[in-house]
Amino acid sequence: MNANLGNARPIPHDEGRHVAMPLGGIGTGNLAICADGALRQWQLQNAGNHRGALPYTFFALRVSTWEPPANEVFVLQAQAVDAPATPLVDDDHVPEWQRELLRRHRGAAGTTFRGLYPFAHVEYHGLPVEVGLEAFNPLIPLDVDDSSLPAALFTFTIANPGPLPAQVWLAAAVQNPVGHDGTTPVDGVRALGYGGNTNRVRRERGWTSLVMDNTAIDPAAPGAGQAVLAVDAADVAALPQWTHPDEFLAFLAGRAVYADAEKARHAPWPADYQGSGPQQGYGPSPAGQTWNGGVVAPMILQPGESRNIRICLAWYFPNRYANFVQFGPPNPQWGPTRFWLGNAYATRFADAVDVAGHVREQWARLRDTSLSWVDTLAGSSLSPTAVEHLAAQAAIPRSPSCFRTADGAFFGFEGVLGASTVMWSGDVGGSCPLNCTHVWNYAQAVARLFPSLERSMRTTEFDVMQAPEGYLPHRVIAPTYLRQLWEVPIGGPVEPALDGMLGTILKTYREVRHGADWLERYWPQVKRLLAHVREKWDPDGSGVLRGVQPSTHDIDLCGLNPFMGTLWLAALRAAEEMAILMGEPAMAAELRELFTKGGARYDEALFNGEYYAQVLEEGDSAEFQWLEGCLADQLIGQWWAHQLGLGHVLPREHVVSALRAVVRHNLRTGFDGFGHPYRVFADGADTGLLMCTWPRGGRPRVPTRYCDEVWTGSEYQVAAHCLWEGLEEEAGAILDGVWARYDGRRRNPYNEIECGDHYVRAMAGWSVLDALAGATYDAATQRLTVTPRGHGRWPLLLPTGWGTLIRDDDGVRVSCSHGDLKVHVQECS
């Protein structure tokens, strides 16, 4: 076990009842390993379904000794712990079949969970032998292919601490999921799409696999595909067909110590080599029903001896469809069509057998490199809590919130429909499709972890979404060959979101700084977008935006406001820098002049001596505005500017004052008795940053929407900005509140919610890591600019490689762990 992972925070299962770490790659779907040792949240068939169940899928253990005679069978799961429900989350949901399994059969006395994403470690307590489980899916920043494997990798370590030899059998059971759509409920082994399922045993290169197919399913059906359960042992016995766990556990209990495993070497096709074993079945399952299958790996452990058993669960469901409700007006031309999108991973592999073979051959490399990334985080000066939560940022793009189509394009919902969306959109599928520009304004993790995927989103924006007039709708219709949302009502907000357009300019410059070589290609589109914004919202060249300004709050902002204003100022600076790169000094000078005028006007009009307020102009409606309120995101453009090395867009002393005011007025501890007119993301004794408060009074009758909510994306944005400005105490107070709410007891550290689970706005958290390091990078010059900090070691992820930024008595230097980190370090005051 890796030392740094071993130092991760231990969470007893009865305290971590919400812990559910996703196991899956980018765009592959996933399942989750939970603190009680169980597998839940099955989402393999290209649809988000937080309560997705694959019944009768579990691990088990049998231990026996000769003298004194003993023989016990255990399900490797701890008993469910019921507690008062947390609003709008369901990560603690334990399906009834798992509860029933533990009522009928003995489980572990308890478990302890330790996790640094993508690795989870579970220790099982109260067993005759010591049992630990490592579970992960490979995560290698910058390597999309290695981070996009449809598989879950498990390593059990079983040790005999006793004075006598022990006979041990490790068992893994799984339901054949092929044919099921991943969304409709499964009743035991019965569900829509099941029927014709077959399980067969395959032995090769020292591994034993249970290959799960469906002979009756239409190859074009959403549930068509294959799954494989593979064990790193040649002497594994299998029970390919059973319908109830009692059958499989009886099979486990009936294993003989000295069965003739050599039979499997010379005749590999039988599932079971034990002559007294049950008769095997091989035919397809009846209509409407599937088979369960299971494998058992035997071992004899001498006193003090231990053994590792590797298990791979691989899947392959190539038929992703546009199985989500898209925005915009109804289009009768579509009829009942569910448009095929495909999966990128299916273009690399022929089936799940192919996936399992790749994992088998590459396991050591994939694990070692993934652990190297975890070591980079854990071996830094970050606190253990910061490491845990910042590492978990990578879980979001590898959740069903994001996917890649067969042509390799990257797409993202706002989140996965779940307990926080049932009142609007149900709890199955993707939330608020697709590539929502204003929500992705906050997300920074994908751009840093996998720059090529973020560039794919810019390509979609400029090649597909952008209207001939230059504006950019804030959502894309998939497949992208369909008519886009031009000149039609969109939804959330109704008209194209202005903050999304400004964010696209900023994101384009971010990708240029990260090494994208397509600015020359897309510069005309950037100019058309900028020209549209100027013509519609600043036709007189005043430097400030006026009129109706559709925003991420799903409403229209009005007047002079710092939220849209700082984004505008940052976008002007980013466009100026791109104009310089493109050899257009006249345009760069024009944009600089506009920026200077606008910055002075915004500061003069909006700074009230403490923070930046909103000023309406004649004819503006006060409905859904905040006026004299203190908005948490009032300086979001300045946060962007720091990340892009653009300097201050407003006077620093006013920026610092405003940030302090946000923390002073909006950071609330204790929500008992607090009115929640919308969604409850913080309650009880929680600490959270409210979206808007009115410390000077004057709350409008209809205030800005979501003002009384707590969004983790905004909290991370403000905290990171505080760090950039040197306000470490304020940043720490915000982050302590976020991470305490998501510590596993009442919310899942691997699932920060908003309008759905695994909400992409939460990926603003990556900016906290960059701000802590105090470093920005420009690929064009290979210059790494670092701000003064104390001594320490900070994770450093650049487009060419990753490693550690070290500050000590010898100065500032970079240590490379993966790839290439040839940079010119420049310290600034």
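# Two cavities and two sheets

The second largest cavity here is lined by 6 nonpolar, 7 polar and 1 charged residues. Bear in mind that this is a predicted model. Below is a quick tour of the overall build, the empty spaces inside, two open sheets with the helices that cross them, and a few backbone oddities.

**Overall build**

- The protein's secondary structure adds up to 18 helices and 34 strands.
- Its radius of gyration is 28 Å, close to the 28 Å that the globule rule gives for 829 residues, so the protein is as compact as a globular protein of that length.
- If you follow the C-alpha trace along its principal axes, the protein spans about 90 × 65 × 55 Å.

**Empty space inside**

- Rolling a probe the size of a water molecule over the atoms is a way to see where space is left empty.
- Searching the whole structure turns up 9 cavities of 30 Å³ or more.
- The largest cavity holds about 260 Å³ of space.
- The largest cavity is lined by 21 residues, and those closest to its centre are R448, H514, Q643, D770 and A775.
- Which elements each supply at least two residues of that lining? They are helix 10 (498–513), helix 18 (766–773), strand 29 (775–778) and strand 31 (792–798).
- Sorted by class, the lining of the largest cavity comes to 13 nonpolar, 4 polar and 4 charged residues.
- Back to the second largest cavity: its volume is about 120 Å³.
- The second largest cavity has 14 lining residues, with N46, A47, G48, R320 and P400 the closest to its centre.

**The 6-strand sheet**

- One open sheet has 6 strands in the order 7-6-5-12-17-16, and its pairing is mixed.
- Strand 7 (107–108) and strand 16 (237–242) sit at the edges of this sheet; each has a single partner strand, so one side of each is left without a neighbour in the sheet.
- Strand 12 (residues 166–175) runs antiparallel to strand 17 (residues 292–301), and 10 bridges join the two.
- For a spot to click on in that pair, try Q167, whose bridge partner in strand 17 is I300.
- Helix 2 (residues 96–104) lies across strand 5 (58–65), strand 6 (70–78) and strand 7. Helix 2 runs at about 155° to strand 6.

**The 9-strand sheet**

- Another open sheet has 9 strands, ordered 1-8-9-10-11-18-15-14-13, with antiparallel pairing.
- Why do strand 1 (11–12) and strand 13 (197–204) each have one side without a neighbour in the sheet? Both stand at the edges and each has a single partner strand, so nothing in the sheet flanks the other side.
- Strand 9 (residues 119–125) pairs with strand 10 (residues 130–136) over 5 bridges, in the antiparallel sense.
- Within this pair, G132 of strand 10 stands opposite E123.
- Helix 5 (residues 352–378) lies across a whole run of strands, including strand 8 (110–116), strand 11 (151–159), strand 14 (207–214) and strand 15 (226–231).
- Strand 18 (306–316) is also one of those crossed by helix 5, and the helix runs at about 115° to strand 18.

**Backbone oddities**

- The peptide bond going from E67 to P68 is cis, with omega near -5°. You'll find P68 in the loop between strand 5 and strand 6, two members of the 6-strand sheet.
- A cis peptide bond also links P433 to L434, with omega near 0°. Here L434 lies in the loop between strand 22 (430–431) and helix 7 (437–440).
- L88 isn't a glycine, yet it has a positive phi of about 70°. Look for L88 in the loop between strand 6 and helix 2; that helix lies across strand 6.

Technical notes
Residues are numbered from 1 along each chain as its sequence is written. This is a predicted model: local features need pLDDT of at least 70, side-chain atom pairs count only at pLDDT 80 or more; totals for chains, interfaces and linings use all residues. Side-chain values use heavy atoms; hydrogens and water are left out. Two strands pair if DSSP finds at least two bridges between them. Helices (H or I, at least four residues) and strands (E, at least two) are DSSP runs, numbered from the N terminus. Contact means heavy atoms within 4.5 Å. Axes are lines fitted to C-alpha atoms, for helices over the stretch in contact, and angles run from 0 to 180 degrees between N-to-C directions. On a 1 Å grid over the protein atoms alone, a cavity is a set of points where a 1.4 Å probe fits but cannot get out, and a pocket is an open set with protein on both sides within 12 Å along at least five of seven lines; lining residues have an atom within 4 Å of a point. Grid points are joined across faces, edges and corners, and a volume is the space filled by probe spheres set on the points. Ala, Val, Leu, Ile, Met, Phe, Trp, Tyr, Cys and Pro count as nonpolar, Asp, Glu, Lys and Arg as charged, and the others, Gly among them, as polar. The radius of gyration is taken over C-alpha atoms; the globule rule is 2.2 Å times the number of residues to the power 0.38.
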